[in-house]
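Me: I have a structure to go through with you. Let us take it one question at a time.

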2 protein chains.
Amino acid sequence: MGIFGFILTDRLIPNIKEYTLRKGICGKDLGKRGTDLADKPVPEALGIVSGAVFIVCLIFCLVGYATSHPSKLLDVNSALLSILFMLFLGFTDDVLDWPWRYKLILPTIASLPLLCCYNGSTSIVVPIPCRALLIQSQEMTILGKFVSWFIEIDVASNGSLVDVGLFYFLYMGMLAVFCTNAINIYAGINGLEAGQSYVIGCAILLHNFIEIKAQSLSQENHLFSAMIMISFVAVTLGLLKHNWYPANVFVGDTFCYFAGMTFAVVGILGHFSKTLLLFFIPQIMNFLWSVPQLFKIVPCPRHRLPGFNPSTGLMEPSTFECKSNEYIWLKTLNRLDHKTERIPNMTVINMALSIVGPMSERNLCSLLLGLQLICCGFGFFMRYYIAGFFFDS
Amino acid sequence: MGIFGFILTDRLIPNIKEYTLRKGICGKDLGKRGTDLADKPVPEALGIVSGAVFIVCLIFCLVGYATSHPSKLLDVNSALLSILFMLFLGFTDDVLDWPWRYKLILPTIASLPLLCCYNGSTSIVVPIPCRALLIQSQEMTILGKFVSWFIEIDVASNGSLVDVGLFYFLYMGMLAVFCTNAINIYAGINGLEAGQSYVIGCAILLHNFIEIKAQSLSQENHLFSAMIMISFVAVTLGLLKHNWYPANVFVGDTFCYFAGMTFAVVGILGHFSKTLLLFFIPQIMNFLWSVPQLFKIVPCPRHRLPGFNPSTGLMEPSTFECKSNEYIWLKTLNRLDHKTERIPNMTVINMALSIVGPMSERNLCSLLLGLQLICCGFGFFMRYYIAGFFFDS
């Protein structure tokens, strides 16, 4: 299915991009302003090809599953449903430009089928050092009693298990909304959206293979996740080939949304959502660093992409204007001249450019993907080494 | 959910149509050529609103189902998945204009999840007069022996039951493809697509209520179907309000596809696909009558809509040119002057205009919906009266 998915995506993109171009679903490459390529329209929303091929691959996997693992059929169905909903939402967003509120409400609704079909445990394992805070010598502490108003503490297990019940569903719903939007706001230069998804996808796949090899208790769940991830990684690679610098096509919100939901789905149904978040460190950093602009605490221009300097051919941080002195703390953080009134937009991309200095779009993308790779490596280190100190095997 | 669906669709359409207009997803009303309205762009593909609201309604129904009928969860999921896939395909078709081959392949794939999750019987009941052809005095006849090479005849039941196995799945897949395209080709005048879907939806709902009231064996299935149909009828009514003559919005392929798949889904999962086909008589007539043009046996112009005559303000049958004498049989069927070389396009809409004479677009739509209503009534007569002679109660 993976090979089929890659070849089909790779072949279909040059074909389908003519359709999107013809209908005016295209954009100017803002990272090439001032060059010959600046006015060439680049077809947009080609994530629809990888998304549709991915769904078709998964439907064929479903057919195989129906005969071999009938008990997992519901999981595959609800996974497909949530991913397809986001693919649909993403494409309509590329075509119609939804306002922000829809982008937050609809992923929440899209994650509902997933949550309804979730039939795993809602208990979480308490890290060893925290257990003594809840239970001491078989008796609940004051903190433990307070906490037990909201959630159920398993006294028999000496506080090592806590059933968080509905809060777990809330967490999963928020994870889905976070994942769908996290990739979308860490985007804007050629190859970054598809590239980061490819790296994360490979990390998840590696994690799945390690767990399957180790014959852990959740082997079945990891097999399920691997099945989805192999198709995903394949179609993403097919897309990346056309989206790599200089991009022939843009991936659009279509890709960002369905890729994010795919990660959320495998994290939730594969029961490794905490490990998943370890692979999302650059996205989490980017989100946290963007919060002041996203919530309009400081001014937020329409685009926050880095700017292209035609005279050097390099990308430079884009800036926003700081109208008063009230953002003085920002300037301190950015280590800028205190008299300047322009501050780099608060994204990891601009931060990287501020730290390393101007560089070409291709190198910038490679640098950010390198960062993603290092963060994933760090995630594995946390999961397989550090976690051993906090959780029982 | 129904009331919520109707109000939300009705309120959102004026809002969303601004988005589609702004992005140029709009069309000219071909039925108003030569009037003041001819050049006014009408927003297209507003079926997306009713479709998205419908999916949201169904997801909320799913949440309710998850707690009350966990065994039916898989059915709801696969139903949603197939409907959503068609909604997605329909919208991309409205935006990108897919070639015909995609429109036949993709609905087939979209129906796969439904077929995988189908866990009902694959046996059909043989009409009483045909049983003697298969089995006589507990022994298979020659025809029976021949038939049993392909399908399994239940000798114990005296030939009243036949297990058609894989052929049943083939039949269901073809039903899905037929339903999704049948509404799309019986379309083109204001209010017809949404109107016919509304009438068929109400007929299905009535059938469901009769079966639920009668406490038949398949009561559960009819409850399931009624749950889907109530939301569907509600959002369709909301859309019809804006699509009725003179149309403020067009429904697009988006609506035709997801409406058709919705009918197929309830027919298959509700186990009343034969009854469903009785409600589709005008669509079947239209399809059969269109076959020569669809398969290019006779010439097929790009549009087959009836033409508007600005001098009378009435619709008249549109025609195609007959280049040789080889279609002489067509002319005979149309009872036209044998010398004429222009023949009305082969759709039920043009046929109605040929028989009744030119009429206004609003009256034409009312006439066709009246025909739909009569056919549904005939369907009920067949199902509840005539069927009694051919099948045991």
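Me: Is A:Cys57 buried or exposed?
Reply: This is a predicted model. Buried means under 20% relative accessible area. A:Cys57 has 0% relative accessibility, so the residue counts as buried.

Me: How many disulfides does the structure hold?
Reply: A disulfide needs two cysteine sulfur atoms within 2.5 Å. For A:Cys57, the nearest cysteine sulfur belongs to A:Cys61, 6.8 Å away, and A:Cys57 is in no disulfide. Over all chains, the number of disulfides is zero.

Me: Which cysteine has the sulfur closest to that of A:Cys256?
Reply: A:Cys256 counts as buried, at 2% relative accessibility. The closest cysteine sulfur is 13 Å from that of A:Cys256, too far for a bond. That sulfur sits in A:Cys179.

Me: Which strands stand at the edges of the open sheet β3-β7-β6 of chain A?
Reply: The sheet has three strands with antiparallel pairing, in the order β3-β7-β6 (chain A). An edge strand here has a single partner strand, so one side is left without a neighbour in the sheet. In chain A, these are β3 (123–125) and β6 (152–153).

Me: What is the bridge partner of A:Ile153 in β7(A)?
Reply: β6(A) and β7 (residues 161–163) of chain A run antiparallel. Two bridges join them. In β7(A), the partner of A:Ile153 is A:Val162.

Me: What kind of axis relates the two copies?
Reply: A turn of 180 degrees, with a shift of 0.0 Å along the axis, lays chain A on chain B with an RMSD of 0.1 Å. The copies are thus related as by a two-fold rotation axis.

Me: What percentage of the interface residues of chain A are also interface residues in chain B?
Reply: The copies meet through the same surface. The share is 100%.

Technical notes: Residues numbered from 1 in each chain as written. Chains lettered and ligands numbered in written order. Predicted model: local features only at pLDDT ≥ 70, side-chain atom pairs only at ≥ 80, totals over all residues. Heavy atoms only, no water. Pairing = 2+ DSSP bridges. Helix = DSSP H or I, 4+ residues; strand = E, 2+ residues; numbered from the N terminus. Buried < 20%, exposed > 50% of the residue type's maximum accessible area, 1.4 Å probe, protein only. Least-squares fit on C-alpha atoms with pLDDT ≥ 70 in both. Contact = heavy atoms within 4.5 Å.
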